[in-house]
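Work through the following exercises with the sequence and the model open side by side. Each task is followed by a solution that proceeds step by step.

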Amino acid sequence: ELYQPLKGKQFLITAGPTQEKIDPVRYITNHSSGKMGYQIAEAAAGLGAEVTLISGPTQLATPKGVTRINVDSAQDMYEAVMEHFASTDVVVKTAAVADYRPKVVHAEKMKKKPGDAVIELERTTDILATLGELKKHQTLVGFAAETEKVEEYAKGKLERKNLDLIVANNITEAGAGFKGDTNKVTIYKKNGETIELPIMTKRDVAEQLLAEIINYEQGNSR
Ligand code: PMT
């Protein structure tokens, strides 16, 4: 018999990096491979959820039973997320979204000139913070990629972005963060609970996180 505690639930999961264009050949991005978010998508679908995966550019195959929408930039991701948010029950924002983009996107390849070059950057929209303002029935789960003061910064994001759970990883720790098949995370919940997990595969992190989401939602409906 299948254990399907998420049957009937709509999940919106974001994964991967964003690419912010400078000109037709260059862009600004980060180290996200998409692995963490894809594992969450696959595990949620396995537990019966209807999963929409909004993905930045990755090398990964679409997990079984998951609907995937491809995006490039933070703005594209924002628009795709907004399109689906109203009908979603749980949002998990694993994507590493650019905080800044080039203010001007050059239509032609930028030519080399003598001396230094300067690229002016402007802020992108904070997708998660926007969802935090709009949220009604949704459970909002954020990630925090930190290099220092992990607990303080993660709890700050939980509060500021009006989240229900935040998954913090220290990306400087061995076996944690970008690219690899393992992660080491601590989950902070709005109700004050903290779950510190040891290093484990991203698949196992995904399963533990989903169990905590289920747990949190049950606690809130009691
Ligand atoms: O993809 P992998 O290689 O497996 O690596 C996994 C990971 C390191 C990318 C993942 O575990 C992780 O930490 N993801 C969050 C990365 C990130 O952008 O963290 P942040 O602390 O900068 O952002 C906090 C939260 O706000 C995130 O949920 C992010 O999706 C969201 N955000 C940020 C900026 C923005 N403009 N809009 C957002 O929604």
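**Exercise 1. Determine which element gives the largest share of the shell around the ligand, and place that element among its neighbours.**

Step 1. Strand 9 supplies the largest share of the ligand shell, with 4 residues, where helices (H or I, at least four residues) and strands (E, at least two) are DSSP runs numbered from the N terminus.

Step 2. In this predicted model, local features need pLDDT of at least 70 and side-chain atom pairs count only at pLDDT 80 or more, whereas totals for chains, interfaces and linings use all residues. Residues are numbered from 1 along each chain as its sequence is written.

Step 3. The ligand is surrounded by 26 residues, the closest being Ser33, Ile127, Leu128, Phe143 and Ala145; a residue is near the molecule if its C-beta atom, placed from the backbone, lies within 6 Å of it. Two or more residues of this shell come from each of helix 1 (35–46), helix 3 and strand 9.

**Exercise 2. Find the buried residues of helix 3 and state what they pack against.**

Step 1. Within helix 3 (residues 127–134), Ile127, Leu128, Leu131 and Gly132 are the buried residues, a residue being buried if 20 or more other C-beta atoms, placed from the backbone, lie within 10 Å of its own, exposed if 12 or fewer, and partly exposed in between.

Step 2. Viewed down the axis of helix 3, these buried residues fall within an arc of 140 degrees, so they line one face of the helix; the arc is that of the directions from the helix axis to the C-beta atoms.

Step 3. The buried residues of helix 3 pack against helix 2 (74–85), strand 6 (90–93) and strand 9 (139–146), with contact meaning that two C-beta atoms, placed from the backbone, lie within 7 Å.

**Exercise 3. Trace the parallel pairings of strand 1, strand 6 and strand 9.**

Step 1. Strand 1 (residues 10–15) is largely enclosed by the rest of the structure, because 5 of its 6 residues are buried.

Step 2. Strand 1 runs parallel to strand 4 (residues 50–55), to which 6 bridges join it, and Leu12 stands opposite Thr52 in strand 4. Two strands pair if DSSP finds at least two bridges between them.

Step 3. Strand 1 also pairs with strand 6 in the parallel sense over 4 bridges, with Phe11 opposite Val90 and Leu12 opposite Val91.

Step 4. Strand 6 in turn pairs with strand 9, again in the parallel sense and over 4 bridges, and here Val90 stands opposite Thr139.

Step 5. In a regular strand the side chains alternate between the two faces of the sheet. Both faces of strand 6 are covered, since Val90 and Val92 on one side and Val91 and Lys93 on the other are all buried.

**Exercise 4. Describe the antiparallel pairings of strand 12.**

Step 1. Strand 12 (residues 185–189) pairs with strand 10 (residues 165–170) in the antiparallel sense over 5 bridges, and Ala168 has Thr186 of strand 12 as its bridge partner.

Step 2. Strand 12 pairs with strand 13 (residues 194–196) in the antiparallel sense over 3 bridges, and Tyr188 has Thr194 of strand 13 as its bridge partner.

Step 3. The hairpin of strand 12 and strand 13 has 4 residues between the strands, and Gly192 there takes a positive phi near 95 degrees.

**Exercise 5. State the confidence of the model.**

Step 1. The protein averages a pLDDT of 97, and 99% of the residues score at least 70; pLDDT is the predictor's confidence in each residue, from 0 to 100.

Step 2. The complex receives an ipTM of 0.98 and a pTM of 0.97 from the predictor.
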